[in-house]
Amino acid sequence: MTSLQLSAKEEMVERLLDAAARGDLNQVSSLLAQVPSLTNQTGYSGWTALMLAARNGHHHVVEKLLSLGCDKFSVNSSSQTAYDIAKFWGHRHIAGLLSRADAECQRILPSNGLGPQENYFSRETLDRLSGKRTDKLWLEAKRSDPDTVYLLFANLSPMVTQEDDAEKGETKLCRLRYEEVKDLLQKPSTVLIFIGMERTKSPSCQTEDGAPEPPVWFAINTDEDAAELLKRCRETNCSFPKTPNRDLLKLGEEEAGVVAQARSVLAWHNRYSFCPTCGSGTRLEEGGYKRSCLNSDCRSLKGVHNTCYPRVDPVVIMLVIHPDGNQCLLGRKKIFPAGLFSCLAGFVEPGETIEDAVRREVEEESGVKVGPVQYVSCQPWPMPSNLMIGCLAVAVSTDIKVDENEIEEARWFPRQQVIDSLFRGASPAFTVPPRQTIAHQLIRHWIGMNSNL
């Protein structure tokens, strides 16, 4: 893009942002009709047109932008969404519009007064089509379809590319085609799983007669040499992230959800090559969502056994609130970066409720006893296959005695200190986890419960 073209585009973005801030619906509509790609462009401090319209209370502009696909979950440099901004400035009618769920769902499941919560790794952009997993002929045909998308993993790390103009270090998944991976599909060590089909605007997954189906996606994991695998991709700046816990957080929201699904299932295959019941080898079935024992006499083949299916490990993660309501309990592990404090967390044990797991883990790690527990939201966490169940909990005791095997320190932090740390105030007392984590979202949720943030 030439400097002249870039200048023209920047001018269009400025005009759109200005129109949205002023509430000029006609100009907003006209600009986006001319250049639809402006919808989610950002200006100063990462503010979008939707955020500016929400800031100034322009309901009709917000409504129009949402209808045109403006992303209401994007955040500015202060990690605020348009919903957060509308709520802060007291525009309840706009906050309600930004938090509104489907009307029919609201009728069946009345709102609890909280806005919608979407956590990183949780966005479903593909239709999983679980009913197609047993259709071997359909799956086989899709494997060689030229439109089929393949995601290539090397030792559970996805091939990604860094775009030259990507903002904030965001990375993208490399999308390969059949011709680029067909030799890998013939190798016994390769694991192939069906991820799903690209969604259409139609509510039904059925296509019209004669119309082609949307592309389907597969994921491959191989132990081939990573340097050789990178030669298959036509993109530039390709790599396999070496630190998934950090590098995968640079993906966009939509691709993060795909990785959460694919990496969790591939990790299960990586760990369960042999039958846990009799020790025999297993074979992959149902598009990668089942493994069956090769020993015909094995009792795992009789009845229902969850050893045959991908496992998900439930983890409770909780923000514990002081009895005075103005402090929260945060802890840190030795492996955390200096100054980082986070919510307490732990695995749910067999036969245990979420509430009991919260109470047990908090007391084991910090010595604090917990009373009421409230579920907030959950987050898939593919490291390797956890489901983080986010809760708020109210303490009924305040003395802290940490279990040094679990965490090295825990403290009560006053609300103002948390606000300063969350919104990067002057000399913050500690560092909060990144916004892609559910710990960050739980802290943010608590701050927003009783203040205009």
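## Leu-330 and the main core

With a relative accessibility of 0%, Leu-330 counts as buried, and in this predicted model the residue is found in strand β12. Leaving aside neighbours within four places in sequence, Leu-330 is in contact with Leu-319, Phe-341, Ser-342, Cys-343, Glu-409, Ala-410, Arg-411, Phe-413, Phe-430 and Ile-443. A separation along the chain can be set beside one in space for this residue: Leu-301 is 29 residues apart from Leu-330 in the sequence, and the C-alpha atoms of the two are separated by 46 Å.

Leu-330 also belongs to the largest nonpolar core, which has 51 residues, and together with Phe-121 and Leu-319 it is listed among those with the most contacts inside that core. Helix α12, which spans residues 253–271, gives the most to this core, with eight residues. A second, separate core of 27 residues includes Val-13, Leu-38, Ile-85 and Leu-98.

## Helix α14 and its surroundings

Which residues of helix α14 are buried? In this helix, made up of residues 415–422, they are Arg-415, Val-418, Ile-419, Ser-421 and Leu-422. Because these residues cover an arc of only 165° around the axis, they are on the same side of α14.

The buried residues of α14 pack against three elements, namely strand β12 (327–332), strand β16 (409–414) and helix α15 (438–449). Strand β12 is also where Leu-330 is found. Just after α14, the chain reaches Arg-424, which takes a positive phi of about 55°.

## Helix α2, with two sides

Helix α2, residues 25–34, has Val-28, Leu-31 and Leu-32 as its buried residues. Seen down the axis of α2, these buried residues fall within an arc of 95°, and they therefore line one face of the helix. On the other side of α2, Asn-26, Ala-33 and Gln-34 are exposed. An α-helix has 3.6 residues a turn, so residues three or four places apart point the same way.

## The pairing of α4 and α6

Helix α4 (residues 59–67) and helix α6 (residues 92–99) pack at an angle of about 10°, and their axes are 10 Å apart. Because of that angle, α4 is roughly parallel to α6, given that angles under 35 degrees count as roughly parallel.

On the α4 side the contact is made by His-59, Val-62, Glu-63 and Leu-66, while α6 contributes His-93, Ile-94, Leu-97 and Leu-98. Sorted by class, the contact of α4 with α6 has five nonpolar, two polar and one charged residues. Leu-98, one of the α6 residues in this contact, is also included in the second core.

## Two further buried residues

Leu-229 lies in helix α10, which covers residues 226–230. Its relative accessibility is 1%, and Leu-229 therefore counts as buried. Not counting residues up to four places away in sequence, Leu-229 touches Leu-152, Ala-154, Met-159, Leu-184, Thr-222, Glu-224 and Phe-240. Phe-240, one of these partners, is 11 residues apart from Leu-229 along the chain, and the C-alpha atoms of the pair are separated by 9.6 Å.

Is His-322, in the loop between β11 (313–321) and β12, buried or exposed? His-322 is buried, because its relative accessible area is 15% and the cut-off for buried is under 20%. When its neighbours within four places in sequence are left aside, His-322 is in contact with Gln-327, Thr-398 and Trp-412.

Notes:
Residues are numbered from 1 along each chain as its sequence is written. This is a predicted model: local features need pLDDT of at least 70, side-chain atom pairs count only at pLDDT 80 or more; totals for chains, interfaces and linings use all residues. Side-chain values use heavy atoms; hydrogens and water are left out. Buried means under 20% relative accessible area, exposed over 50%, partly exposed in between (1.4 Å probe, protein chains only). Helices (H or I, at least four residues) and strands (E, at least two) are DSSP runs, numbered from the N terminus. The arc is that of the directions from the helix axis to the C-beta atoms. Contact means heavy atoms within 4.5 Å. Axes are lines fitted to C-alpha atoms, for helices over the stretch in contact, and angles run from 0 to 180 degrees between N-to-C directions. Angles under 35 degrees count as roughly parallel, over 145 as roughly antiparallel, 65 to 115 as roughly perpendicular and the rest as oblique. Ala, Val, Leu, Ile, Met, Phe, Trp, Tyr, Cys and Pro count as nonpolar, Asp, Glu, Lys and Arg as charged, and the others, Gly among them, as polar. A nonpolar core is a set of buried Ala, Val, Leu, Ile, Met, Phe, Trp, Tyr and Cys residues joined through side-chain atoms within 4.5 Å.
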